[in-house]
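Biologist: I've got the model open and would like a close look at just one part of it. Pick a helix, please, and start with a little background on the chain as a whole.

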Amino acid sequence: MTQPNGQRLLVLRELEGITQGQLADRLGVSQPTISSIEKAQRALPDDVLHKARVEFGLPRSFFFVGPFHLDVALPTFKKSSRARATDERRIVRHYREAARCFAEASLASGYHESMVPLDLETLDIEDAATEIRRLADIGNTEPIKNMTRLLERLGIGVVNDLDPRTDEPEPKHFGISVPATHNNRPLIALAATMPGAVMRFALAHELGHHIWDRRSGGTWRSTRAPEEKRAHAFAGALLLPRNVVQSHVTESLHLNGYLVLKSRYGVSVGACIMRAQQLGRISPERARSLHIQLTARGWRREEPVEVAAERPLLFAQALGRITDLSRPRIEEATGLPSDLVFHWLNIEAPTATIIDMQSRRRRMNA
């Protein structure tokens, strides 16, 4: 773009979680001025652009980012019923910016598009899980050792901590993605850090949306929606294969027996119980009893047997192919503050070199 994009003020507000009035106060202009710039009814003045850069630590390139094709597509969430609308707008904007950066970096670096075929949507949950394992060259009884790497091999980017300012002990948003037929370099993101088993399940859940909901023209708010139930069931089928459950789970299996499954397959005990009930290996009454025991032991907050957290690589590798991963090149390539991008990449940001100009001048004049 040759002219600054005033609509990026809306992006800035959503990233920061502030209103038009709050942004206007910080930039020293009126709220109607912000509104008209966001609606492209007037150009973004240079002085407002400069003040925004200084106030929010933005690179100039932030205001020269054009429209992104996924900005109008609808996101899917795995989220808590306690999530607030204001938090959701912030998370969605972080996701849209991360998805834009990943798609552009993936294309520019020459990495392949998503290998998940559209016709998987014609399969049932169990067959789709089997086909994903086949595409990833993982046997029907093998554990998925790294769910993140499976997605990346299929051409799907992963960000495992979307919002650096989310420090809630119990995050209200989990997985987020935008399934769409024209989204051939998709990104799946986790809104905040979470235990390894929860992380793996959330990633598999969003992959389910990517399989079946790419043609969806609407969105859904309830965790009881058919789309959510299907994605949840798919995550269980992918991570804990049917024949494994059939050979290891009986009606009398105690909680410690489920810990064995968790240790090998990286699935929480709660998810193992739900999977066993869905497959008819345990009765609803037995599942209810096991869930009560989970609560009584305090396992709902912290289960025994730690599952290692997974670290994404593909996003950083794609950006690394087209930049030297320095702050200036990252900001030029993404149009975003480098600290935010380094947070998404889950790599250490390079330390800025501070030059003492007064000392330098004294040395030169000595």
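**One helix, up close**

Modeller: Among contacts in the protein chain (heavy atoms within 4.5 Å) between residues at least 6 apart in sequence, 73% join residues at least 24 apart. Before we zoom in, bear in mind that this is a predicted model, where local features need pLDDT of at least 70 and side-chain atom pairs count only at pLDDT 80 or more, while totals for chains, interfaces and linings use all residues. Numbering runs from 1 along each chain as its sequence is written, and side-chain values use heavy atoms, with hydrogens and water left out.

For the backdrop, the protein chain has 17 helices and 4 strands; these are DSSP runs numbered from the N terminus, with helices being H or I of at least four residues and strands E of at least two. Of its 366 residues, 52% are buried, where buried means under 20% relative accessible area, exposed means over 50%, and partly exposed is in between, with a 1.4 Å probe and protein chains only. The accessible surface comes to about 17800 Å², and carbon and sulfur atoms own 50% of that; areas are from the Shrake-Rupley method with a 1.4 Å probe, and for residues only the protein chains shown count as cover.

Now to my pick, helix 4, which spans residues 46-56. Its buried residues are Val48, Leu49, Ala52 and Phe56. Look down the axis of helix 4 and those buried residues fall within an arc of 100°, so they line one face of the helix. That arc is taken over the directions from the helix axis to the C-beta atoms. What do the buried residues of helix 4 pack against? Their partners are helix 1 (8-16) and helix 2 (20-27).

Swing round to the other side of helix 4 and you'll find Asp46, Asp47 and Val54, which are exposed. Then follow the chain out of the helix: after helix 4 comes Gly57, with a positive phi near 65°.

For a side glance, try helix 6 (residues 125-135), with buried residues Glu126, Ala128, Ala129, Glu131, Ile132 and Arg133. Just after helix 6, Asp137 also has a positive phi, of about 60°. The cover over the buried residues of helix 6 includes helix 7 (147-153), helix 8 (196-212), helix 9, helix 10 (242-248) and helix 12 (269-278).
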